Structure formats: structure tokens, C-alpha cells
Amino acid sequence: MDKYYIGTLNNISQVGLSRLTDKFELTEDIDKANGIVVRSFKMHDMDFSDNLLAIGRAGAGVNNIPLDKCADQGIVVFNAPGANSNAVKELAIAGMIMGARNMYEGIAWGQSLEGDVAAEVEKGKKAFAGSEIMGKTVGVIGLGAIGAKIANAAEALGMSVVGYEAFKPHPCLTADVKLYDSVEEMVPVCDFITIHVPSLPSTKGMVNKDLIAKMKDGVIFMNYARPDLIVVDDVIEALESGKMRKYMTDLLEPEYIGKKGIVATPHLGASTEEAEENCAVMAVDELMDYIGCGNIVNSVNFPRVTLECKEGTKKHCIVFKCEKAIEDVEAKVREFYGDCLVDFAGAKVRNGEHGYFIAQVKADCDKVFSCGCVIKSRVLG
């Protein structure tokens, strides 16, 4: 294909879109698009054209994209992990300090004053006396790109940091973090707790009355990740009883409005100029690398598969769905191309049916692999 078309479903940073090379052209016709860059636009009710090869989410969360539907249609979905991590880190640190110092309540009270404001301030400010974070312990649930940066920043501010990570802490972690084997073991020692894990069947509702009961009295809990990680009624009950001092979140929900102890910002985590640029750049680069070169990096519904281009060859890119072992399909591909095959890379989604192969073949090879398991195939070069 001489030209590929990219559509957008939200306002996407021009810094990211300007990275598109001459092989790519922006289009307003989504049905014509080979790739789509999206932020929060809800795509679940969309019908996708056969032209669509990939979707790039300019952010980390992909709950607005129908991942299984896309996989079944051979549409690779990318996200931008870590691109907005500094922005979320800064907001979470601000939330922790704001919660400890009762800043939101103090500001709201101050805005209501009339008459001799200076006198009223001196008389009333003691009601908003808070605590310092230096010397306190913060527990970080999830030490990925965001959680690790929060841990680093908290240590730099003089806090003790403890944490829980189900897999492996992000490489950017430099803080001296005491790791616990479970969240339940960690929370009793924490003055502050911040959660940074994805929304999964295993994490939904993990912050509930049972876990809250194990926390310190007066804990400040922060959720700058996903709304369904908590059981709302249990958190509100903990705030009303005084078990939890504050619930600081970036996930404003209707039931939070007017509730004492809840300070909710309107989803500002990635709403910085820098984060929007970083996310757009990563999403656009991922789309170009896949659509133009066949490589998959940072996909959320297909495995990572990359292969360098070699002179005198072309790539056959094969998206497949197969209930059999990946080795069976790979054997068929290798046998099919035979001496034409120069290089090969492929993988299958862990515990899933969808997979992807790149078969690098000689430039004069006209054979194109096809079988019942192939969803989409295309030739590059």
C-alpha cells in the first residue's frame, strides 16, 4: 500500500500527529482509516471497517475499547504505558499533601468568608490544622510506572515507603521500599495508602470493609487509578465512622458529591500538556511501527512480536485465532514458505487464542499463507 490513513476520535496532540511520516495521511473518514488514535471516546458500539488494522490509545486505560471484539476482527489495540505516569504521580503527591493538611476544606471555608476576613481567618484556621507527611509511612499498592515514581517522590519527601507488587517493580524504582507479600499484611503499618493497579477481576472491589478493617485508624486512602477498585459504600462508611480520615481520588462519581472526607478531582491525572503529548507520541509511533513495519509493541490484545527489516525481503504479517498450540500453526507457516523463508517471529496471547506471526520472505516470493485460523494477513515491502 502506497499510503495509509489515520483517523482520530478525540482531540489528539499535534505534537504526536506531527510524527506521521509521508506514508501516512490523516483522514476524517473513520471507515477509510487503517489506524485510529483515540483517548476517551467510547468505541464499544462502533462497527469497524475491514480497512482498520489498529487502534492506538493515547493513554494507559483501554476500558473504552472493545478488546475482544477487536481481537476477533484482527485489529491490534495499543496503549501508552508510562507516558502519563509523571503527571499522575504529581497529582497523587499533591492529593496526599492536600489530604494531610486539610487544604481543600480550608480553601472552601475561606471562600465563604465575608466582612473582616483577616480576623475570621485568625479565629477559624485552627479548625483545619492537619499533619505533615514527613516521617509518616505510605503504602503503595502496585509498583508499576506510576506507583514506583510515587514511591521515589515520597521517599525524597522524607517518608517511609512500603509496598506490594504482584509481579515485578518497575525499573524506575529507586526508593528503599519494604515489600510485603500481601496487601493485607502491608496496610496495618500505613498512615497513607495509594493504589495503582489495573481493573481486573482479581482487583475489582479489593478495597472493601475487610481490608479497611486492617488499616490504621485515621488512614488517608488515595485512588488515582480506577473507580471499581473500591467498594464505595464501604469507603463512605469508613469515613463516617472515622476509621478512614480522607478518601482522595481523581475519579469523581455522583455518590461522592457532598460527602465529608472525600476530595475528588475530575479525572485530571493525565490532563497536562506534557502527558497528552507523550501519550500521543507513543500511540502514533506504535501505530506506524505496526501498520508500516508489522511490529507489535505495547499491544493489550496481541502479543509482542518484532522483526527487523532486511534488504531484499518483504514481510508477511499474519493475525490468527487458533485453539491448537501455536507450534502447530508455526510449523504450517514454515512448511508453507519453505526455502522462501528468511526470518520468522511469532507468539500467542498468554492463555488466549489470538496470535501473530511475521514471516520475512524473499522479495520474489509470491506465496501468501492462508488457512482457516487466519483472521487477517497482509504483505509489506
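Visitor: Hi! Before we look around, what does "partly exposed" mean here?
Guide: Buried means under 20% relative accessible area, exposed means over 50%, and partly exposed is in between. One thing to keep in mind is that this is a predicted model.

Visitor: Okay, so is Ile97 buried, partly exposed or exposed?
Guide: Ile97 has a relative accessible area of 32%, so it counts as partly exposed. You can find Ile97 in helix α3, which covers residues 85-100.

Visitor: Which residues form a nonpolar patch with it on the surface?
Guide: Ile97 is joined there by Met103, Ile107 and Leu157. Together the four have about 320 Å² of accessible area.

Visitor: Let's switch to helix α6. Where is it, and what span should it have?
Guide: Helix α6 takes in residues 145-156, which makes 12 residues. At 1.5 Å a residue the expected span is 16 Å, and the end C-alpha atoms are 17 Å apart, so the two values agree.

Visitor: Which residues in α6 are buried?
Guide: Quite a list! Ala145, Gly147, Ala148, Ile150, Ala151, Asn152, Ala153 and Ala154 are buried.

Visitor: And what covers them?
Guide: The cover includes helix α3, along with strands β6 (137-141), β7 (160-164) and β9 (192-195). So α3 turns up again: Ile97 of the surface patch is in that helix.

Visitor: What comes just after α6?
Guide: Look for Gly158, which takes a positive phi of about 90 degrees.

Visitor: New topic: charges. How many salt bridges are there?
Guide: The structure holds 11 salt bridges. As background, side chains of opposite charge can pair when their charged atoms come close.

Visitor: Show me one. What does Asp285 pair with?
Guide: Asp285 forms a salt bridge with Arg19, and their closest N and O atoms are 2.8 Å apart. Asp285 lies in helix α10 (residues 273-293) and Arg19 in the loop between α1 (14-17) and β2 (24-26), so the pair ties together parts that are 266 residues apart in sequence.

Visitor: Are those two buried or partly exposed?
Guide: Asp285 is partly exposed at 26% relative accessibility. Arg19 is also partly exposed, with 41%.

Visitor: What about Lys216, which residue does that one bridge to?
Guide: Lys216 pairs with Asp191, with the closest N and O atoms 2.9 Å apart. Here too the pair links distant parts of the chain: Lys216 is in the loop between α8 (209-214) and β10 (219-223), while Asp191 is in the loop between α7 (183-186) and β9, 25 residues apart. Lys216 is partly exposed, at 32% relative accessibility.

Visitor: And the bridge between Arg334 and Glu330, where is that?
Guide: Both residues lie in helix α11 (residues 326-337), 4 residues apart, which is about one turn of the helix. Their side chains meet at 3.0 Å, N to O. Arg334 is partly exposed at 38%, and Glu330 is partly exposed at 23%. Elsewhere, salt bridges that share partners join Asp72, Lys321 and Glu353 into one network.

Visitor: Let's try Ala359. Where does it sit, and is it buried or exposed?
Guide: Ala359 is in strand β15, residues 354-362. With a relative accessible area of 0%, Ala359 is buried.

Visitor: What does Ala359 touch?
Guide: Leaving out residues up to four places away in sequence, Ala359 touches Lys314, Lys315, His316, Val333, Tyr337, Leu341, Asp343 and Phe344. Ala359 and Cys317 are 42 residues apart in sequence, with 6.6 Å between their C-alpha atoms.

Visitor: You mentioned a cysteine. How many disulfides are there?
Guide: The structure holds 0 disulfides. Cys70, for one, is in no disulfide, and the nearest cysteine sulfur, that of Cys317, is 18 Å away. Cys70 is buried, with a relative accessible area of 0%.

Visitor: Why doesn't Cys317 bond with Cys309?
Guide: The closest cysteine sulfur to that of Cys317 is in Cys309, but at 9.2 Å it is too far for a bond. The cut-off for a disulfide is sulfur atoms within 2.5 Å. Cys317 counts as buried, at 2% relative accessibility.

Visitor: Last one: is Lys168 buried or exposed?
Guide: Lys168 is exposed, with a relative accessible area of 70%. Look for Lys168 in the loop between β7 and β8 (178-179). Lys168 and Lys259 are 91 residues apart in sequence and 36 Å apart in space, C-alpha to C-alpha.

Notes. Residues numbered from 1 in each chain as written. Predicted model: local features only at pLDDT ≥ 70, side-chain atom pairs only at ≥ 80, totals over all residues. Heavy atoms only, no water. Patch = residues over 30% accessible without salt bridge, like charges linked within 9 Å, V, L, I, M, F, W, Y side chains within 5 Å. Areas by Shrake-Rupley, 256 points an atom, 1.4 Å probe, with all protein chains shown as cover. Helix = DSSP H or I, 4+ residues; strand = E, 2+ residues; numbered from the N terminus. Buried < 20%, exposed > 50% of the residue type's maximum accessible area, 1.4 Å probe, protein only. Expected span 1.5 Å × (residues − 1). Contact = heavy atoms within 4.5 Å.
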